[in-house]
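Visitor: Could you walk me through this one? I'd like to know how the labels are earned, not just what they are.

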Amino acid sequence: MFRSVIVRSSSSAKQSLLRRSFSSSSSSVPERKVAILGAAGGIGQPLALLMKLNPLVSSLSLFDIANTPGVAADVGHINTRSEVVGYMGDDELAKALEGADLVIIPAGVPRKPGMTRDDLFNINAGIVKNLCSAIAKYCPHALVNMISNPVNSTVPIAAEIFKKAGMYDEKKLFGVTTLDVVRAKTFYAGKANVPVAEVNVPVIGGHAGVTILPLFSQATPQANLSSDVLTALTKRTQDGGTEVVEAKAGKGSATLSMAYAGALFADACLKGLNGVPDVVECSYVQSTITELPFFASKVRLGKNGVEEVLDLGPLSDFEKEGLEALKPELKSSIEKGVKFANQ
Ligand SMILES: NC(=O)c1ccc[n+]([C@@H]2O[C@H](COP(=O)([O-])OP(=O)(O)OC[C@H]3O[C@@H](n4cnc5c(N)ncnc54)[C@H](O)[C@@H]3O)[C@@H](O)[C@H]2O)c1
Ligand SMILES: O=C(O)C[C@H](O)C(=O)O
């Protein structure tokens with residue numbers, strides 16, 4: 001049965017407002033197809049909305065195992081540039097992916113209170129493996145933004161699947177850690193009493209507990225915060241996901257803030273693809289800046305994806321300790337992903 005929903009929409013003057021809020025795009029932006037895998041989920045739906053508002057997207061492909069026709073029909077009525085197509089079930093995965101420039105993956109189960117992200121491994125590793133096998137086949141040149149947890153392991157899984165398929169390009173695979181940066185900025189602005197829109201804080205390492213290491217010593221605008229406050233800010237950033245999981249009390253994890261963060265990172269990737277200079281975001285990528293093969297740090301984005309993995313810059317003693325402390329956990333999460341993909 002053909003289940004896709006196709007809704008075309010025309011541009012309007014209101015797009016200029018959205019254009020200003022999302023991108024500094026010009027009148028001649030290239031065609032870009034973005035596919036969201038897991039598009040009917042808690043993250044997928046608001047992410048689909050935000051990508052529909054992004055004028056850099058010309059084609060929005062919404063894939064899930066269920067419920068995408070409704071999401072596509074709904075989002076597709078928004079009068080912005082992109083054509084929206086919903087695809088449902090494995091039979092339609094190929095069509096969802098063909099021609100994609102960017103694939104965003106929020107498919108998989110979220111945490112409940114008391115769980116770690118690694119507790120999601122058994123279910124999500126298999127989902128990611130299958131989706132990445134399809135990406136290798138149907139859109140091997142696309143950038144991949146991995147949201148599904150545990151990101152510390154799902155990104156290495158994706159890399160191994162791509163290597164087996166003979167199309168791995170380390171410049172095109174990203175673990176999305178933008179939510180850690182979003183949280184660090186919000187929490188820092190509150191304590192430093194500075195306008196949140198002006199704040200920048202790099203977050204390095206990985207995306208789980210102590211592997212999340214915000215570098216508040218490099219935060220701008222600078223503020224003279226005590227070491228107790230910096231310790232508390234670091235802990236709150238590391239526990240930000242758990243804070244939301246507990247507040248949602250069994251109804252899932254961060255979805256709205258994640259959709260916002262995912263949309264920001266996807267927008268940065270699209271700008272890079274389009275040749276906008278000096279697009280720098282933190283992301284968990286293949287890396288040589290530490291001894292670990294995958295590591296989150298600032299990354300310069302360009303026409304081929306990762307243009308440069310930037311080094312860490314000066315760390316405070318507290319951050320140096322945090323960096324050493326995160327390495328064993330991150331190493332074992334990477335190894336777990338590599339082993340799973342090769343078994
Ligand atoms: N990277 C981050 O910062 C971050 C932040 C928040 C959540 N997450 C993770 O994102 C994932 C999704 O979270 P959510 O709250 O949206 O969960 P959700 O359960 O609300 O949605 C997940 C969606 O994935 C779909 N899905 C399952 N298997 C699929 C498959 N094989 N192909 C396509 N779609 C499939 C489900 O049908 C569902 O619609 C979780 O693993 C969560 O831990 C990551
Ligand atoms: O905490 C989670 O399980 C979801 C996500 O990784 C987050 O940081 O919010």
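Visitor: What makes the space taken by ligand 1 a pocket?

Guide: This is a predicted model, and the space taken by ligand 1 is its largest pocket. A molecule sits in a pocket if more than half of its atoms lie within 2 Å of the pocket's grid points, so ligand 1 passes that test.

Visitor: Which residues surround ligand 1 most closely?

Guide: There are 28 around ligand 1, and the closest are Gly42, Ile43, Asp64, Val109 and Asn149. They count as surrounding because a heavy atom of each lies within 4 Å of the ligand.

Visitor: How do you know that Ile43 makes a polar contact with ligand 1?

Guide: Check the distance: a polar backbone atom of Ile43 is 2.9 Å from an oxygen atom of ligand 1. The cut-off is 3.5 Å between N or O atoms, so the Ile43 pair qualifies. Gly41 also gets in through a polar backbone atom, at 3.2 Å from a ligand 1 oxygen. Asn149 uses an N or O atom of its side chain instead, 2.9 Å from an oxygen of ligand 1. As for cover, ligand 1 has 870 Å² of accessible area on its own, and the protein covers 86% of that.

Visitor: And ligand 2, which residues are around that one?

Guide: Its shell is Arg111, Arg117, Asn149, Leu179, Arg183, His207, Gly241, Ser253 and Ala254. The space ligand 2 takes is, again, the largest pocket.

Visitor: Why are three residues of the ligand 2 shell called charged?

Guide: Arg counts as charged, so Arg111, Arg117 and Arg183 fill that class. The rest of the shell is two nonpolar and four polar residues. Gly counts as polar here, so Gly241 goes with the polar group.

Visitor: What makes the His207 pair with ligand 2 a polar contact?

Guide: A polar side-chain atom of His207 lies 2.5 Å from an oxygen atom of ligand 2, and the limit is 3.5 Å, so it counts. Side chains of Arg111, at 2.6 Å, and Arg183, at 2.7 Å, also reach ligand 2 oxygens. Alone, ligand 2 exposes 260 Å², and the protein buries 96% of that.

Visitor: How do you know that both domains help surround ligand 2?

Guide: Domain 1 (33-176) and domain 2 (177-342) each give at least three residues to the shell. Between the domains, 45 residues of domain 1 are in contact with 49 of domain 2, while their C-alpha centres lie 21 Å apart.

Key: Residues numbered from 1 in each chain as written. Chains lettered and ligands numbered in written order. Predicted model: local features only at pLDDT ≥ 70, side-chain atom pairs only at ≥ 80, totals over all residues. Heavy atoms only, no water. Polar contact = N/O pair within 3.5 Å; in protein donor to acceptor, adjacent residues only side chain to side chain. Areas by Shrake-Rupley, 256 points an atom, 1.4 Å probe, with all protein chains shown as cover. 1 Å grid on protein atoms, 1.4 Å probe; cavity = no way out; pocket = protein on both sides within 12 Å on 5 of 7 lines; lining within 4 Å. Domains from an automatic or database assignment. Contact = heavy atoms within 4.5 Å.
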